[in-house]
Amino acid sequence: MMGSRETFKKPSHLQVDTLDDPEIRAAISTLRQIVASCMGPHGKIKIIQNATGGHITRTTTSSRLFGAISLSKPVLKLIVSSVQSHVDQYQDGGLMACLFCLLLVESSLDCDVNRSILADLYQVFYDIVDDYMNSDECACKYELDFSNLDAMMAFVQNMYDSKPFCGLYGYQLEEFSRLILQTFLQCIPDMASSKASFYTTRIYLLCVKHEDMNYSRNLNGLVIEYPELSCHVEKKLSIKRSLDSASCHRIKVALVNCSMSGDAESELNANYEVATGVNPDMFFLEKILSFCYQLVTMGTGLVICQKVMHPRVKEYFRKEGVLFTDRLGAMPVPYVQDVTGATPIGLLTEAPSDGMFGWIDHIEHVVIHDKSYLHLQEVDSCVITLVLATPDEDKLDELKTTTLGVLRNLERLIIQPEVLFGGGCWNTHVAAYLRHHVAQNLSALASTHDCSESLVSTSAEIFARCMEKIAMVTSPDSMDHLVDVSSHHVWRVTKGEITDISSIRHSPSLKCGCGLLDGAMVKDFQFLNEKLSGPKYEEFLVSKPNSEAIGCDIVSDSLSVVVNALRIAVNTASSIITVGQFIHDTN
């Protein structure tokens, strides 16, 4: 007697957690340690595998880290989900957002302040920080000169340098950063001669496993897979051309985003009746072939299908001398639209209008690392294919993730060219400003939120200290941290090397975290140590640095990314610390 394969749902077993449970606090601490140890150029690569085995992921990026780990605690799922929403939009700053949120939550649990008041004050402190960072008086930001290629190169290099698993160092880092910057600049459209809107960012990433990372390069136009031809020898293509509206001989392109397989089930998502003796699959196939006949008579030279083509459809196109490719997938479709100007055809029962076709100047068959591709080239198009090559699959995914973040940041800089002094300097600077602002408005803040001045001061110190901790985790464990009392930048020295701060005053060899200042420009320092109380500044008289004094090798962070990451972190932390219980079903 065969047993039933049907499995019955187990009865619910609800588990109630609170933030004060030792298990929850341990889980928060563990995630905080994992995230902190990934940050910066000295971040440690994480190797992730689930408990039952399976694929091994190596990474230091937030998107790949959070995509690979399995979380069982609702509080951690909430934090990661919030951070992922930020990463989806900005492609950068996920680790910082997550770490700042976790630090705020942990610090809130360790103090005796009412958590509802803490949550309200955190929102106030964020508004203070946000207003300052976006103001013209902010002394920890500057405008990146887009015409200064050395400064742009430094910005790109800093982003790759902060992801050690990408494996880019020295000359290779410089050459790869130059390739990325060149690709980005080439894809910027000339608005006088190009269309005003695009479906994509105009840079299509093609990832290939190759022994040499220097094989990475860019190609004008779009490169798509084409398994119909040999992957060993490049073949010269003979493609039908037609007259376009300007009476030029070009290649007419049809882009189809529905199935051309002839399968009735894929054509109709509905109930239908079939007459006796009629094969629905053959009926739809004849309809598709009739549509293909119309494409041929209209002079189409290339047919690109997002889904599957029936073998008879392919046979017909070969007979008529029409180039075709299928199984394109959804992701490249908008890039095809940008490079050809075609409109996707989603209905095969009607003849396509002339306006739905696209045009292209030239098509080549290319072989890239034993794979066959079509290279679609259009003179007036600013679409570029960026070929990323590494010998390792995990490293290739890491490089792709980081490159997407770099390109997104460069695109954002066109709209908002302001960047912050990186390397931890904006963290300590903004923390010092927050302490000063709160001290100057202590009575008003306490009155507004109906709490004592000491409670406001304690809460501000928690917030500021958490910002400073982010500056410290990006350094090796062997470093001590100082902050200068004039510009409030962070400085790093070998642990135990400095016992008397006066010995490093006016030292030109010592550089701050971002590289803007040297020791000769600083009057005094103070140790920035977790065991000490935060530095208190009676006055905050910091002027913006002269733009001429800002070199090309400054470490910088995108202002818009940082501001949004802080907002996500504060909002999430405020929500979590005010939750009484987390209830979840362990079955």
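## A histidine in its setting, and a three-stranded sheet

A polar contact of 2.8 Å links the side chain of H365 to the side chain of S372. This contact belongs to a predicted model, in which H365 forms part of strand β13, a strand that covers residues 362-367. The points below look first at the surroundings of H365 and then turn to a sheet built from other strands.

**Surroundings of H365**

- H365 counts as buried because its relative accessible area is 4%, whereas the cut-off for calling a residue buried is under 20%.
- A polar atom in the side chain of H365 also lies 3.3 Å from the backbone oxygen of S230.
- When residues up to four places away in sequence are left out, H365 touches L229, S230, V233, E234, K235, L237, S372 and Y373, so that both S230 and S372 appear among the residues it touches.

**The sheet of β5, β15 and β6**

- Three strands make up an open sheet with mixed pairing, and their order across the sheet is β5-β15-β6.
- The edges are formed by β5, which spans residues 203-209, and by β6, which spans residues 217-220, and each of these strands pairs on one side only.
- On average, and with direction ignored, neighbouring strands in this sheet are turned by 25 degrees against each other.
- Strands β5 and β15 (residues 384-390) run parallel and are joined by 7 bridges, and K209 has T390 in β15 as its bridge partner.

**The helix across the sheet**

- Helix α7, made of residues 170-187, lies across β5, β6 and β15, and the helix runs at about 165 degrees to β15.

Note on methods
Residues numbered from 1 in each chain as written. Predicted model: local features only at pLDDT ≥ 70, side-chain atom pairs only at ≥ 80, totals over all residues. Heavy atoms only, no water. Pairing = 2+ DSSP bridges. Helix = DSSP H or I, 4+ residues; strand = E, 2+ residues; numbered from the N terminus. Axes fitted to C-alpha atoms, helices over the stretch in contact; angles between N-to-C directions. Contact = heavy atoms within 4.5 Å. Buried < 20%, exposed > 50% of the residue type's maximum accessible area, 1.4 Å probe, protein only. Polar contact = N/O pair within 3.5 Å; in protein donor to acceptor, adjacent residues only side chain to side chain.
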